[in-house]
Amino acid sequence: MRQVKSLKLKGKSGCSGTFYFCLCTLYLALSLSLSACGYQFRVEGAGPTIGGAAATSSPTSPPPRLVVRTLENKSFEPNLEVRYTNYLRHEFSSGSGAQIVPEAESADLVLSGQILSVSLPTLSFSQTTTLESRTEVVVMVQVEETRTKRLVWAQTAKGASEFYVTSDLQFNRVLQNRALEQAGRFIAEDLASRFLLQLELGQLAKQPARPASDNTNTNIK
């Protein structure tokens, strides 16, 4: 017992050495336990595949070449077909999965359509005037194969945008034009995303060419 007490009553240098030795021992034990538990395990590469074969990417077909023709305007709003056609060409070139080409070049598909209607319903009003209105535009498009003239896709889309009505008639017209532009951009974006979905699902795949039929006449006796 006296020997134990004499060890505990040693100077600060002895305590520091014992503490340092214990700390190093604890650190070494933790390092070994962590490495044994697998915390340093790394996985590189693509990993195993079913059957042991290397994973290969399937060849992708080139995007279809699409012509977007100028829309036919059947609404009362003049000069709307040019702007809406430009919206369609912009959205389809960036978000439809197709390559937009001019009409002079060869294409796989042709998009045509019509602006069916433009309406301006009132949203809120007072006893004397309209306070808020909305532009609602309906557009119908269809896509055909250039070679077979087969209808491969048709879609009707509706776009709407709201605007406030002021006492200035000229400024109201500016607000209405902006609402019409916004509705047209909504329609173009919606149609492009729907077209991309159909393309990814394989609904717009090219039809295989039919084999030449045997024109030899056979007589049955």
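1. In which sense do strand 2 and strand 4 pair, and over how many bridges? Strand 2 (residues 72-73) pairs with strand 4 in the parallel sense, over two bridges. Glu72 shows the register: its bridge partner in strand 4 is Gln114. Please keep in mind that this is a predicted model.

2. Now the overall layout. The chain has four helices and seven strands. Along the sequence they follow the pattern α-α-β-β-α-β-β-β-β-β-α. Of the 221 residues, 24% count as buried. The accessible surface is about 16400 Å², and 56% of that belongs to carbon and sulfur atoms.

3. Strand 4 deserves a second look. Strand 1 (residues 65-68) runs parallel to strand 4 (residues 109-119), joined by three bridges. Val67 has Val110 of strand 4 as its bridge partner. Strand 6 (residues 130-145) runs antiparallel to strand 4, with 10 bridges between them. There, Ser117 is matched with Val138 of strand 6.

4. Next, the interior. The largest nonpolar core holds 28 residues. Leu66, Tyr84, Leu88, Val137 and Phe195 have the most contacts inside this core. At least two core residues come from each of strand 1, helix 3 (80-95), strand 4, strand 6, strand 7 (151-164) and helix 4 (169-200). Helix 4 gives the largest share, seven residues.

5. Leu66 is worth checking in the viewer. Beyond its neighbours within four places in sequence, Leu66 is in contact with residues including Phe92, Ile100, Val110, Val143 and Phe195. Ala98, Gln99, Val101, Ala107, Leu109 and Leu111 are also among the contacts of Leu66. For the chain, take contacts between residues at least 6 apart in sequence: 66% of these join residues at least 24 apart.

6. Helix 3 comes next. Helix 3 has 16 residues and reaches 22 Å from its first C-alpha to its last. That is close to the 22 Å expected at 1.5 Å a residue. Just after helix 3, Gly97 takes a positive phi of about 80 degrees.

7. Which residues of helix 3 are buried? They are Leu80, Glu81, Tyr84, Thr85, Tyr87, Leu88 and Phe92. These buried residues lie on the same side of helix 3, because they cover an arc of only 160 degrees around the axis. Their cover includes strand 1, strand 2, strand 3 (99-100), strand 4, strand 6 and helix 4. Two of the names recur: Tyr84 and Leu88 are also among the core residues with the most contacts.

How values were computed. Residues are numbered from 1 along each chain as its sequence is written. This is a predicted model: local features need pLDDT of at least 70, side-chain atom pairs count only at pLDDT 80 or more; totals for chains, interfaces and linings use all residues. Side-chain values use heavy atoms; hydrogens and water are left out. Two strands pair if DSSP finds at least two bridges between them. A nonpolar core is a set of buried Ala, Val, Leu, Ile, Met, Phe, Trp, Tyr and Cys residues joined through side-chain atoms within 4.5 Å. Buried means under 20% relative accessible area, exposed over 50%, partly exposed in between (1.4 Å probe, protein chains only). Contact means heavy atoms within 4.5 Å. The expected span of a helix is 1.5 Å times one less than its number of residues. The arc is that of the directions from the helix axis to the C-beta atoms. Accessible areas come from the Shrake-Rupley method with a 1.4 Å probe; for residues, only the protein chains shown count as cover.
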